[in-house]
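Here are some worked exercises on reading a protein model. Try each task yourself before you look at the solution.

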Amino acid sequence: MSSFGTVREDWKPGTLSSAQTDYEGLRVVIFGGTGGLGRAITQSLLRKGAEVTVVGRTLKDPPHPRRSFIPADLSSLNSSRQVARNLPAETFDAVLLTHGIFAGRTREVTPEGVEKDLATSAMSRWVVAKELAPRLGGGRPSRRQKPRLFVWGFPGGERALDLTDIQSSRNYRWQTAHGNTVVFNEALVHHAAARFPDINVFGMNPGIIKTNIMAGALGQATLKLRAQQTLVGVLFQSAEAYAEKVVPLLVHPALEDRSGTLFNRHAQPIDPNPWLISDDHLDHVVAAAESLSARILR
Ligand SMILES: NC(=O)c1ccc[n+]([C@@H]2O[C@H](COP(=O)([O-])OP(=O)(O)OC[C@H]3O[C@@H](n4cnc5c(N)ncnc54)[C@H](OP(=O)(O)O)[C@@H]3O)[C@@H](O)[C@H]2O)c1
């Protein structure tokens with residue numbers, strides 16, 4: 001099985017006609033819209049006429065009349081929940097969770113006591129999703145489609161999680177620590193799709209794309225990082241090319257009754273992680289996430 005996911009043969013969303021790509025008045029909030037994939041998607045949406053609220057650490061772009069910015073530290077579960085609480089969730093058509101890091105070579109723990117990659121790339125999303133989902137889109141004047149939640153990560157490949165060590169406290173390996181966030185993010189998609197029937201939830205696997213995501217493992221502004229980015233830039237599509245493929249999914253009518261679907265780097269539906277949906281693994285992963293967040297949230 002490819003780690004980019006196995007393409008589903010039973011369903012394809014099809015290409016959007018221009019009439020279906022009307023983004024005027026579409027209100028989207030993008031966690032992680034300050035960098036990498038989230039930033040490319042923000043720019044594409046702004047060009048198409050949408051209104052975008054960006055949540056992140058540092059906004060690098062000049063002001064735009066249809067973009068607002070909320071600075072936040074999303075490595076903290078309590079800060080993540082507070083930001084979500086303050087958002088006018090009722091007014092949004094879509095929430096995109098793209099923020100995240102790649103675990104460093106040595107294990108780091110946040111001031112709240114959570115392994116840093118798990119906190120930033122997975123648990124923060126878990127907290128934000130749970131906070132926003134019950135209110136999402138409920139106050140929109142014209143309800144075109146159900147509100148949508150898109151969770152970025154690396155879903156669809158075959159990957160197991162050691163439920164006895166979700167925080168990588170024993171034998172720390174950065175690849176395993178990041179792999180754990182992948183399983184938690186896919187679990188969030190399946191769980192939220194079942195738990196919140198009034199919204200549609202989707203998981204996004206972008207494949208490999210040149211961004212700053214490997215800075216955690218290779219070091220910020222190092223030769224190793226530059227070499228990795230150059231190689232990836234040559235071999236794979238750019239963040240901008242990817243954004244042009246996935247932005248139509250944000251409004252695609254064919255997704256309306258497909259909550260829980262996962263998409264690959266070409267915006268094609270892919271199969272779920274077989275480990276996660278077998279036996280009662282999903283229930284255990286959900287219970288682990290719920291118990292960790294309950295312990296941390298004040
Ligand atoms: N790029 C790839 O090859 C690849 C492959 C597989 C999966 N993905 C997934 O795609 C998603 C996006 O990754 P990317 O490649 O776009 O990564 P990226 O270029 O490193 O961007 C990450 C984003 O997360 C934000 N962020 C990180 N730590 C934060 C914190 N403590 N508080 C607030 N914001 C924080 C960053 O904000 P600032 O810029 O403001 O610091 C930035 O906007 C992630 O889920 C990643 O796992 C990416």
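**Exercise 1. Decide whether Ser168 is buried or exposed, then describe its surroundings.**

Step 1. Ser168 has a relative accessible area of 4%, so it is buried (buried means under 20% relative accessible area, exposed over 50%, partly exposed in between, with a 1.4 Å probe and protein chains only). Before going on, note that this is a predicted model, in which local features need pLDDT of at least 70 and side-chain atom pairs count only at pLDDT 80 or more, while totals for chains, interfaces and linings use all residues. Residues are numbered from 1 along each chain as its sequence is written, and side-chain values use heavy atoms, with hydrogens and water left out.

Step 2. Locate Ser168: it sits in the loop between β5 and α4 (174-195). Helices (H or I, at least four residues) and strands (E, at least two) are DSSP runs, numbered from the N terminus.

Step 3. List the partners. Beyond its neighbours within four places in sequence, Ser168 is in contact (heavy atoms within 4.5 Å) with Arg107, Ala177 and Asn180.

Step 4. Compare sequence with space. Leu118 is 50 residues from Ser168 in sequence, and their C-alpha atoms are 9.3 Å apart.

Step 5. Check the backbone. Most residues other than glycine have a negative phi. Ser168, although not a glycine, has a positive phi of about 50°.

**Exercise 2. Find where Ala267 lies and what its phi is.**

Step 1. Ala267 belongs to the loop between β7 and β8.

Step 2. Its phi is positive, about 65°, although Ala267 is not a glycine.

Step 3. With a relative accessibility of 11%, Ala267 counts as buried.

Step 4. Leaving out neighbours within four places in sequence, Ala267 is in contact with Pro13, Lys245, Val246 and Leu249. The C-alpha atoms of Ala267 and Thr6 are separated by 12 Å, with their positions 261 residues apart along the chain.

Step 5. Look at Asn264, which is in the loop between β7 (262-263) and β8 (269-270). Asn264 is buried, at 4% relative accessible area. Its contacts, apart from neighbours within four places in sequence, are Phe4, Val7, Asn205, Tyr242 and Ile270.

**Exercise 3. Work out why the buried residues of α7 line one face of the helix.**

Step 1. Helix α7 spans residues 239-246, and Ala239, Tyr242, Ala243 and Val246 are buried in it.

Step 2. Seen down the helix axis, the buried residues of α7 fall within an arc of 105°, so they line one face. The arc is that of the directions from the helix axis to the C-beta atoms.

Step 3. Recall the general rule: an α-helix has 3.6 residues a turn, so residues three or four places apart point the same way.

Step 4. Ask what this face meets: the buried residues of α7 pack against α1, β5 (148-152) and β6 (200-204).

**Exercise 4. Name the backbone oxygens that the side chain of Thr98 reaches.**

Step 1. Thr98 lies in the loop between β4 (94-97) and α3, and it counts as buried at 17% relative accessibility.

Step 2. The side chain of Thr98 reaches the backbone oxygen of Phe31 at 2.9 Å. A polar atom of that side chain also lies 3.3 Å from the backbone oxygen of Gly32.

Step 3. Not counting residues up to four places away in sequence, Thr98 touches several residues, including Ile30, Gly38, Arg125 and Trp152.

**Exercise 5. Describe the shell around the ligand by class.**

Step 1. The shell has 10 nonpolar, 15 polar and 4 charged residues. Here Ala, Val, Leu, Ile, Met, Phe, Trp, Tyr, Cys and Pro count as nonpolar, Asp, Glu, Lys and Arg as charged, and the others, Gly among them, as polar.

Step 2. A nitrogen atom of the ligand is 3.1 Å from an N or O atom in the side chain of Asp73.

Step 3. The elements giving two or more residues to this shell are α1 (36-48) and α3 (116-132).

Key. A polar contact is a pair of N or O atoms within 3.5 Å; within protein, one must be able to donate a hydrogen and the other to accept it, and residues adjacent in sequence count only if both atoms are side-chain atoms.
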